[in-house]
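Open your viewer, switch to the cartoon display and keep the selection tool handy. We will go from stop to stop, and at each one you select something and see what is there.

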Amino acid sequence: MEYKEKPESASEKKELGQDPEAVKAAQDLAAAAGLKPSESEPHELTEPTAQVLEEQVEEVLEKIRPYIQHDGGDIELLGVDENNIVYVSFIGACAGCAMAGEDFSGGVKLLLLDEVPAIRDVVLIG
């Protein structure tokens, strides 16, 4: 089948999962369950705000902070930019430690990217 903007025939609609009978059956089922179709446009998935991301990042940092503090250091969230890039800095004993880069990339960064999927990257400053 060649590419078309919109399916034209009922068989094309059915082939693309847009079977009018199936749509009608789903609408009837929803109505029977007391659900009302939304009168507005479908909701788009939205990215969390920088403030929400900062809160989520702080929650993750609180999980690993005790381990960093055990070695005499700490980690500070500097902020989240409009591209959802997180900026952090090591302070205390970690600030000049030769292992800081490895601890960051192998631990802190991976954990943040895993637990806060909306962030695109984590950058260590300093």
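Start by selecting Gly72. Is this residue buried or exposed, or something in between? Gly72 counts as partly exposed, because its relative accessibility is 46%, and partly exposed covers the range between under 20% for buried and over 50% for exposed. Keep in mind that you are looking at a predicted model.

Now look at where Gly72 sits: the loop between helix H3 and strand S1, the strand of residues 73–80. Which residues does Gly72 touch, leaving out those up to four places away in sequence? Select Gly92 and Ala93, and you have them. Add Ile91 and draw a distance between the two C-alpha atoms: Gly72 and Ile91 are separated by 9.0 Å, although they are 19 residues apart along the chain.

**Step back to the whole chain**

Clear the selection and colour by secondary structure. You should find four helices and three strands. Follow the ribbon along the sequence, and the pattern reads α-α-α-β-β-α-β. The chain has 126 residues, and 25% of them count as buried. If you turn on a surface, you will be looking at about 9,300 Å² of exposed area, with carbon and sulfur atoms supplying 54% of it. As for contacts in the chain with a separation of 6 or more, 44% come from residues 24 or more positions apart.

**Two helices side by side**

Next, select residues 50–70, which form helix H3, and residues 100–115, which form helix H4. How are these two helices arranged? They pack at an angle of about 150°, and their axes are 10 Å apart. Angles over 145 degrees count as roughly antiparallel, so H3 and H4 are roughly antiparallel to each other. Rotate the view until one helix lies in front of the other: H3 passes H4 in a right-handed crossing.

To see what makes the contact, show side chains. On H3, pick Val57, Val60, Leu61, Lys63, Ile64 and Ile68; on H4, pick Val108, Leu111, Leu112 and Glu115. By class, this contact has eight nonpolar and two charged residues, and no polar ones.

**Zoom in on Val60**

Keep Val60 of helix H3 selected. Is Val60 buried or exposed? Val60 is buried, because its relative accessible area is 4% and the limit for buried is under 20%. Its contacts, leaving aside neighbours within four places in sequence, are Leu111, Leu112, Glu115 and Val116. Try the distance tool on Val60 and Glu115: their C-alpha atoms are 7.3 Å apart in space, while the two residues are 55 apart in sequence.

Staying in helix H3, move to Gln56. Gln56 is partly exposed, as its relative accessible area is 31%. Glu115 comes up here too: the C-alpha atoms of Gln56 and Glu115 are separated by 8.5 Å, with their positions 59 residues apart along the chain.

**Last stop: Asn84**

Finally, select Asn84, in the loop between S1 and strand S2, the strand of residues 85–92. What is special about its backbone? Asn84 has a positive phi of about 60° although it is not a glycine. Although Asn84 is in a loop, it counts as buried, because its relative accessibility is 8%.

Technical notes
Residues are numbered from 1 along each chain as its sequence is written. This is a predicted model: local features need pLDDT of at least 70, side-chain atom pairs count only at pLDDT 80 or more; totals for chains, interfaces and linings use all residues. Side-chain values use heavy atoms; hydrogens and water are left out. Buried means under 20% relative accessible area, exposed over 50%, partly exposed in between (1.4 Å probe, protein chains only). Contact means heavy atoms within 4.5 Å. Accessible areas come from the Shrake-Rupley method with a 1.4 Å probe; for residues, only the protein chains shown count as cover. Axes are lines fitted to C-alpha atoms, for helices over the stretch in contact, and angles run from 0 to 180 degrees between N-to-C directions. Angles under 35 degrees count as roughly parallel, over 145 as roughly antiparallel, 65 to 115 as roughly perpendicular and the rest as oblique. A crossing is left-handed if the near helix is turned anticlockwise from the far one by less than a right angle, and right-handed if clockwise. Ala, Val, Leu, Ile, Met, Phe, Trp, Tyr, Cys and Pro count as nonpolar, Asp, Glu, Lys and Arg as charged, and the others, Gly among them, as polar.
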